[in-house]
Amino acid sequence: MSPARPLRLSDGPLAALRARPLAAEVAIATARKGDYRAHPIDQAHALHADPMVDLAEYGVAGANHYHATHNPPYHADITGSIPALRARRSVAQRLARVNDRLAAYGLEIWVFDAWRPIAVQNHFHDHWMPDYLRRARPELDAAALQAEVTRYWAKGAPGGRIDPASPPPHATGGAVDLTLRDSASGAHLFMGSIFDDVTALSNTDAFEATDDAMSFSALEARDNRRLLFWLMAGEGLANNPTEWWHFSHGDQMWARITGARAALFGPAPP
Ligand SMILES: C[C@@H](N)C(=O)N[C@H](C)C(=O)O
Ligand SMILES: [Zn+2]
């Protein structure tokens, strides 16, 4: 018996997700996110000690974007990066369930990054992004430059010592950066910007207001971002409104955006 042909994205339940606007949810997330690093963390929660696992063990595909050479816009292996893609077990299970929904369409999640060494976080927040901005936007004063850095890169930990009450999202094991791809060819769905673009183009709702019925690029990016957003929301993951690729469950950003009383995860266990 020949394998069933994959469903088309114009059909079935995922077509409905691609047609579902997301601007209202993004506006709520933007309003709530605020100073998310000050949100309480519930150390007594049953998931607080959720173990770390390799995403590959849960059938979730990906390659660490920071531990690579052909990784625009960096084009360099970042010092301190690792090949592994690790996350909390409950997060891996959520991603696996998203993959179950995608399978009939011949699609799957592709992960760019998950748990991130603090050296990598510090590199981008303290050095790479400020250096880049000083060259590209020399008109920015110190405060404006810092605001622009933290729009896209969370503060790490000076000296590498993570404050257990305020870990950067990717140090918790609850945050993942990802997209969708065709499982057979490996081709990524078009999302309208590259991963880690640090402009408004990366805002999750960047294409929601498109009124140009002839811009198939804008329409395709809009519908694919909607698909990713609603699939992840269906598994309880919250999206960072300035980055279409960043989702989390259990960290402080997730707690702020979803209205949870407390986050579940502090710094990830070894
Ligand atoms: C820039 C991106 N890869 C990212 O992960 N940003 C978030 C906000 C972070 O640094 O935690
Ligand atoms: Zn991220």
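This is a short dialogue about how to read some features of a predicted model.

Colleague: Let's start with trust. What mean pLDDT does the protein chain have?

Modeller: Good place to begin, since this is a predicted model. The mean pLDDT of the protein chain is 97, and 99% of its residues reach 70 or more. For the complex, the predictor gives an ipTM of 0.98 and a pTM of 0.97.

Colleague: Now the ligand. Which residues surround ligand 1?

Modeller: To describe a ligand site, we list the residues around it and then look at their character. Here the shell is made of Y152, W153, A154, P168, P169, H170, D177, D196, N240, E243 and H246. By character, 5 of the shell residues are nonpolar, 3 are polar and 3 are charged.

Colleague: Which positions does UniProt list as "binding site"?

Modeller: A record can point us to residues worth a look, though annotations may be inferred rather than shown by experiment. In an unreviewed entry, UniProt gives "binding site" at H170, D177 and H246. These three are spread over 77 residues of sequence, yet they cluster in space, with a largest C-alpha distance of 9.8 Å. H170, D177 and H246 also appear in the shell around ligand 1.

Colleague: Is H170 buried or exposed?

Modeller: We count C-beta atoms around the residue, and 20 or more within 10 Å makes it buried. H170 has 25 such neighbours inside 10 Å, so it counts as buried. It sits in the loop between α5 (142-152) and β5. Away from its sequence neighbours, H170 touches D113, W115, R116, Q121 and A175.

Colleague: And what does D177 touch, beyond four places in sequence?

Modeller: D177 belongs to strand β5, and its contacts there are V111, F112, D113, F195, W245 and H246. One of those partners, H246, is also among the "binding site" positions that UniProt lists. D177 is buried because 25 C-beta neighbours lie inside 10 Å.

Colleague: Which residue does UniProt list for "active site"?

Modeller: That is E243, again from an unreviewed entry. You can find E243 in the loop between β6 (238-239) and β7 (246-248). With 19 other C-beta atoms within 10 Å, E243 is partly exposed, because buried would need 20 or more. Leaving out residues within four places in sequence, E243 is in contact with Y152 and S202.

Colleague: How do I check that a helix has the length it should?

Modeller: Multiply the rise per residue along the helix and compare the result with the distance between its ends. For α6, which runs over residues 216-234, the 19 residues at 1.5 Å each should span 27 Å, and the end C-alpha atoms are 27 Å apart, so the two agree. After α6 comes G236, which has a positive phi near 85 degrees.

Colleague: What do the buried residues of α6 pack against?

Modeller: They pack against α1 (12-18), α3 (89-103), β5 (175-182), β6 and β7. The buried residues of α6 include A221, R222, L227, F229 and M232. L228 is another one, and it is buried because 25 other C-beta atoms lie within 10 Å. L228 is in contact with T179, L180 and W244, leaving aside its sequence neighbours.

Colleague: How far apart are L228 and V98 in sequence and in space?

Modeller: Sequence distance and spatial distance are separate things, so it helps to look at both pairs of numbers here. L228 and V98 are 130 residues apart in sequence and 9.5 Å apart in space, C-alpha to C-alpha. For A206 and R101, the values are 105 residues and 25 Å.

Colleague: Last topic, the backbone. Which residues are joined by a cis peptide bond?

Modeller: Look at omega for that one. P72 and P73 are joined by a cis peptide bond, with omega about 10 degrees. P73 is in the loop between β2 (61-62) and β3 (86-88), and H75 is found in that loop too.

Colleague: What is phi of H75?

Modeller: Phi of H75 is near 55 degrees, a positive value in a residue other than glycine. H75 is exposed, with 9 other C-beta atoms within 10 Å. D196 is not a glycine either, and its phi is positive at about 75 degrees. D196, however, is buried, with 21 other C-beta atoms within 10 Å. It lies in the loop between β5 and α6, and it belongs to the shell around ligand 1.

Technical notes:
Residues numbered from 1 in each chain as written. Chains lettered and ligands numbered in written order. Predicted model: local features only at pLDDT ≥ 70, side-chain atom pairs only at ≥ 80, totals over all residues. Near = placed C-beta within 6 Å. Nonpolar A, V, L, I, M, F, W, Y, C, P; charged D, E, K, R; others polar. pLDDT = per-residue confidence, 0-100. Helix = DSSP H or I, 4+ residues; strand = E, 2+ residues; numbered from the N terminus. Buried ≥ 20, exposed ≤ 12 C-beta atoms within 10 Å, placed from the backbone. Contact = placed C-beta atoms within 7 Å. Expected span 1.5 Å × (residues − 1).
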